[in-house]
Amino acid sequence: MAFIALLQATQQIKSHFIIEFPRLEREVTEKFGADKALHVGALEDTLNLLENKSIHEQLLGVNAFFDEHIQYATDDIVFKEKDYWATPSELFGHSRGDCEDYAIAKYIALLHLGIDSAKLRLIYVKAKIGRSRVTQAHMVLGYYDSPSSDPLVLDSLVSNVLPGSQRTDLIPVFSFNDSGIWQPGQKTQVSSSTSRLSRWRDVIERMKKEGISRRS
């Protein structure tokens, strides 16, 4: 499976992101208004409820939360830019975002729950449009129970969390997390994700200022 080949190496150091909810709530309130900050409180409540659940329930719960609270919209509409990667604060502030914004927010939420970052990948794909050969750039989040397992795919355009083997409409290009980048079929990471992906490096730095930071 192409998706399975994207994760053939394990992380030696386990890291995760912690969301400082009071700080994040202040950021959203100051920049976008108290009504938008209600999303932050709702996320905190949701993650508290999911804290002692199984990983499968956590994946479903986080996926459902963002489907419920965020409306899909492209960057040119929300940010007046061709390609912009939003922080969770910006995503909540606008209540809208595109595939990268959903994937990043879900990734952060799952890491906050304590899921090992080695099991999560933001996956850049080409998504087939209908039955045609036409594809468009897209990003999803994948959860791999083990390096050789069929990943579960969290997609902003599909409400169900499905195994990668059932997502024949997606053609993987590369995957990454907060430490590395992987190419399909390669067993070792190509390089550091923050050194190669400027937008990823930028969004991580902006998240730190909003109360979302990496802990090892």
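**Figure 1. Lysine 80, an exposed loop residue with positive phi****.** In this predicted model, lysine 80 is exposed, at a relative accessible area of 67%. That value lies over the 50% cut-off for exposed residues. The loop shown runs between α5 (75-78) and α6 (88-94), and it holds lysine 80. Phi of lysine 80 is near 60 degrees, a positive value in a residue other than glycine. Most residues other than glycine have a negative phi.

**Figure 2. Serine 95, a buried loop residue with positive phi****.** Serine 95 sits in the loop between α6 and β3 (96-97). Its phi is near 60 degrees, again positive without the residue being glycine. Is serine 95 buried or exposed? Serine 95 is buried, with a relative accessible area of 14%. The cut-off for buried is under 20%.

**Figure 3. Helix α3 against helix α4****.** Helix α3 (residues 34-50) packs on α4 at an angle of about 165 degrees. The two axes are 10 Å apart. Angles over 145 degrees count as roughly antiparallel, and α3 and α4 are therefore roughly antiparallel to each other. Their crossing is right-handed. From α3, the contact takes in His39, Ala42, Leu43, Thr46, Leu47 and Leu50. These meet Glu57, Gln58, Gly61, Val62, Phe65, Phe66 and His69 of α4. By class, the contact of α3 with α4 holds seven nonpolar residues, five polar and one charged.

**Figure 4. Helix α4 against helix α7****.** Here α4 (residues 55-69) meets α7 (residues 99-112). Their axes come within 10 Å and cross at roughly 140 degrees. That angle makes α4 oblique to α7. The crossing of α4 with α7 is right-handed. On the α4 side, the contact is made by Gln58, Leu59, Val62, Asn63, Phe66 and Asp67. On the α7 side, Tyr102, Ala105, Lys106, Ala109 and Leu110 take part. Seven residues of the contact of α4 with α7 are nonpolar, two are polar and two are charged. Gln58, Val62 and Phe66 of α4 appear both in this contact and in the contact with α3.

**Figure 5. Leucine 197, a buried residue in the loop before α9****.** Leucine 197 lies in the loop between α8 (193-196) and α9. It is buried, with a relative accessible area of 16%. Which residues does leucine 197 touch, leaving aside those up to four places away in sequence? They are Phe174, Phe176 and Ile181. Glycine 180 is 17 residues from leucine 197 along the chain, and their C-alpha atoms are separated by 10.0 Å.

**Figure 6. The buried face of helix α9****.** Helix α9 spans residues 198-208, and its buried residues are Trp200, Val203, Ile204, Arg206 and Met207. Seen down the axis of α9, these fall within an arc of 165 degrees, so they line one face of the helix. An α-helix has 3.6 residues a turn, so residues three or four places apart point the same way.

**Figure 7. The whole protein, for orientation.** The protein has nine helices and ten strands. Of its 216 residues, 50% are buried. Among contacts between residues at least 6 apart in sequence, 61% join residues at least 24 apart.

Note on methods:
Residues numbered from 1 in each chain as written. Predicted model: local features only at pLDDT ≥ 70, side-chain atom pairs only at ≥ 80, totals over all residues. Heavy atoms only, no water. Buried < 20%, exposed > 50% of the residue type's maximum accessible area, 1.4 Å probe, protein only. Helix = DSSP H or I, 4+ residues; strand = E, 2+ residues; numbered from the N terminus. Arc of directions from axis to C-beta. Axes fitted to C-alpha atoms, helices over the stretch in contact; angles between N-to-C directions. Parallel < 35°, antiparallel > 145°, perpendicular 65-115°, else oblique. Left-handed = near helix turned anticlockwise from the far one by under 90°. Contact = heavy atoms within 4.5 Å. Nonpolar A, V, L, I, M, F, W, Y, C, P; charged D, E, K, R; others polar.
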